[in-house]
Amino acid sequence: MLCVGLTTVDVSQRVVEFPVPGQKVQSLGVHLAPGGPAANAARAVAALGSRAVLLTALDGELGGFARSRLHPVEVHSVGGGGPALSMVAVRERDGERTVISRNAAGSDVPADVDPALVEAADVVLVDGHLGPLALAAARHARRAGVPVVLDAGSWKPVLDDLLPLVDVAACSAAFELSEDEVHARGVPLVIRTHGPGPVTWSRGGATGAQPVPVVEVRDTNGAGDVWHGALAVAVAEGRDVDDAVRWANEVAAVRVRHTAWDWVEELGRWRDSG
């Protein structure tokens, strides 16, 4: 699995309640770890027992820290900035989170993709944050016949060129285009998450939906990223759409039941439990 896109370093703090403007609050705990859509997806892929390769931008001391904590993910950095520093507050009573981050703003990454990385992958997962890198990877994948899965959390300028190269677009509830509009851009399979509501999909006139497991939620930060990693694994395994979505929902449920401290290890235990 090749995951292409953003890595951050997340400073996660658990709080009783989110502060109001001007207020100071004391956290219940703090955790420092790699984050970001592509990096979280790669960590999930590795925890699920698949080979995970991450193509991203990791410079400077923060890049060295992120790289040291991403093992066993195989990391390839193109330079050009990053990782961004993200400040995450997670509310103790319901796992809701709020995030402040620069993400990929101001980054200048080259479209430097080794075709061998793409050709060795079963699936290429792109988040679109590092636009030139995502586009180059998708173009190599199209030539090599490797499926491309898009984490479509929000609209990014590169999507005008990227969407026609995508085989599966997994859209958040907040994604600006409708399913019909995404199909019209050339994407055969469109999936949309709806928070705690059922995940819906459409392809070739057929539609379906899979419910999200009801669990005690402790931390929602990165749950969508983990869901996308699991979906990409399911696509690589050749699962049908309903089964792929159902399994990704189960994996994301494991993530939200745990915290930034322990979700990777717990996901590995869940995998081992069958």
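**Strand hairpins, a nonpolar patch and the largest pocket**

Strand E11 (residues 189-194) and strand E12 (residues 197-203) run antiparallel and are joined by five bridges. The model is a predicted one, and this briefing covers its hairpins, a nonpolar surface patch and the largest pocket, which has a volume of about 1200 Å³.

**Hairpins around E12**

- Within the pairing of E11 and E12, Ile 191 stands opposite Trp 201 in E12, and the hairpin that these strands form has two residues between them, with Gly 195 taking a positive phi near 60°.
- E12 also pairs with strand E13 (residues 206-210), again in the antiparallel sense and over five bridges, and here Thr 200 stands opposite Ala 209 in E13.
- The hairpin of E12 and E13 has two residues between the strands, and Gly 204 in its turn has a positive phi of about 55°.

**Nonpolar surface patch**

- Leu 62, Leu 85, Met 87 and Ile 100 make a nonpolar surface patch of about 360 Å².
- Leu 62, which is found in helix H2 (residues 60-69), has a relative accessible area of 34% and is therefore partly exposed.

**Largest pocket**

- The largest pocket, with its volume of about 1200 Å³, is lined by 43 residues, of which Arg 97, Thr 220, Ala 223, Gly 224 and Asp 225 are the closest to its centre.
- Elements that give two or more residues to this lining include strand E2 (8-15), helix H1 (37-47), strand E6 (84-91), strand E7 (97-101), E11 and helix H8 (241-257).
- Helix H7 (223-236) is also one of these elements, and H7 gives the most to the lining of the largest pocket, with five residues.

Terms used: Residues numbered from 1 in each chain as written. Predicted model: local features only at pLDDT ≥ 70, side-chain atom pairs only at ≥ 80, totals over all residues. Heavy atoms only, no water. Pairing = 2+ DSSP bridges. Helix = DSSP H or I, 4+ residues; strand = E, 2+ residues; numbered from the N terminus. Patch = residues over 30% accessible without salt bridge, like charges linked within 9 Å, V, L, I, M, F, W, Y side chains within 5 Å. Areas by Shrake-Rupley, 256 points an atom, 1.4 Å probe, with all protein chains shown as cover. Salt bridge = Lys/Arg side-chain N within 4 Å of Asp/Glu carboxyl O. Buried < 20%, exposed > 50% of the residue type's maximum accessible area, 1.4 Å probe, protein only. 1 Å grid on protein atoms, 1.4 Å probe; cavity = no way out; pocket = protein on both sides within 12 Å on 5 of 7 lines; lining within 4 Å. Points joined across faces, edges and corners; volume = space filled by probe spheres on them.
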